[in-house]
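I opened this notebook to record what I looked up, beginning with the nonpolar interior and then turning to the surface.

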Amino acid sequence: RPVRKHVATINALNPGIEYYFQVSSSDGTTLSTLACSFATTNSIAGTLVFGMTNAWKFTTNNLDDVNWKTLNYNDSDWFGPSNGCLAIENRNLGESLYPPINTYLPPLPAMTVGILGTFFSTYYFRTPFLFSGSTAGVSLTFSNYIDDGAIFYLNGAELARIRVAAAPTPVYFTNNATGKPCSGDPVITCPDLFTISGSLLNNLVQGTNVVAVEVHNISGGVTSQDILFGSALLA
């Protein structure tokens, strides 16, 4: 049966080695191949900063002219904190392929737009975390479930964009995501991963830090009737 993605687990790899492999795919008649490679790093120590069920504060207000991403922004009037994943979804929550939903997000009142089921095009999230020790050689890896696109910030500085207009293009409350997750919906076998290090961590401070995320729907909630966000952080 043709599928869009496969997952392979490879054990007994050595650190600091470049590995080469070939992917072969056949439709029963034609064989297609692709040569690939990847490199392992030297052994590193990792610390889970927060997991996928981490609590986030969130709001549906239009924050286009508000500096909501900074460490000292007052989010006391936001919803939460509530545990991830946070979502609007109409799927069966027992489906094991999908990440579990712990918090339902508020929908836009139908009378506002005249379309039943339509909700906000953008949702904003904030969570604090503690950091101590030297920042030398530190990297932060974010593992995320996002439906559909997002921008991540650390203490006000932009870190990464996922399926939204590329930097430095401004992204506003009404702007839509530019694509969907790899399977059309976020599934547990296909997280959105990115790692930051070096100058991108100049804003990382001793003590309390804040990760801020804006999540955008692909159609502004008009034809795409779901949104989901969850994130875990490893230092």
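For the first entry I took a nonpolar core to be a set of buried Ala, Val, Leu, Ile, Met, Phe, Trp, Tyr and Cys residues joined through side-chain atoms within 4.5 Å. I kept in mind throughout that this is a predicted model.

**Core.** I looked up the largest nonpolar core, which has 42 residues, and noted that Phe125, Phe142, Phe152, Val213 and Phe229 are the members that touch the most others. I then followed Phe229 and, leaving aside residues up to four places away in sequence, found that Phe229 touches Trp56, Cys85, Leu86, Phe125, Tyr145, Ile146, Phe152, Val213 and Val215. Apart from the largest core lies another one of five residues, including Cys85, Ala87, Ile101 and Tyr145. As background I wrote down that in soluble globular proteins nonpolar side chains tend to be buried together.

**Gly207.** I next placed Gly207 in strand β13, which covers residues 207-216. Is Gly207 buried or partly exposed? Its relative accessibility is 26%, so I entered Gly207 as partly exposed. Setting aside residues up to four places away in sequence, I listed Phe129, Leu130 and Phe131 as what Gly207 touches; between Gly207 and Phe131 the C-alpha to C-alpha distance is 5.2 Å, although 76 residues separate them in sequence.

**Surface.** Finally I asked which residues make the nonpolar surface patch of about 260 Å², and the ones I found are Phe21, Val23 and Leu34. Of these, I located Phe21 in strand β1, residues 18-26, and recorded Phe21 as partly exposed because its relative accessibility is 37%.

Notes. Residues numbered from 1 in each chain as written. Predicted model: local features only at pLDDT ≥ 70, side-chain atom pairs only at ≥ 80, totals over all residues. Heavy atoms only, no water. Buried < 20%, exposed > 50% of the residue type's maximum accessible area, 1.4 Å probe, protein only. Contact = heavy atoms within 4.5 Å. Helix = DSSP H or I, 4+ residues; strand = E, 2+ residues; numbered from the N terminus. Patch = residues over 30% accessible without salt bridge, like charges linked within 9 Å, V, L, I, M, F, W, Y side chains within 5 Å. Areas by Shrake-Rupley, 256 points an atom, 1.4 Å probe, with all protein chains shown as cover. Salt bridge = Lys/Arg side-chain N within 4 Å of Asp/Glu carboxyl O.
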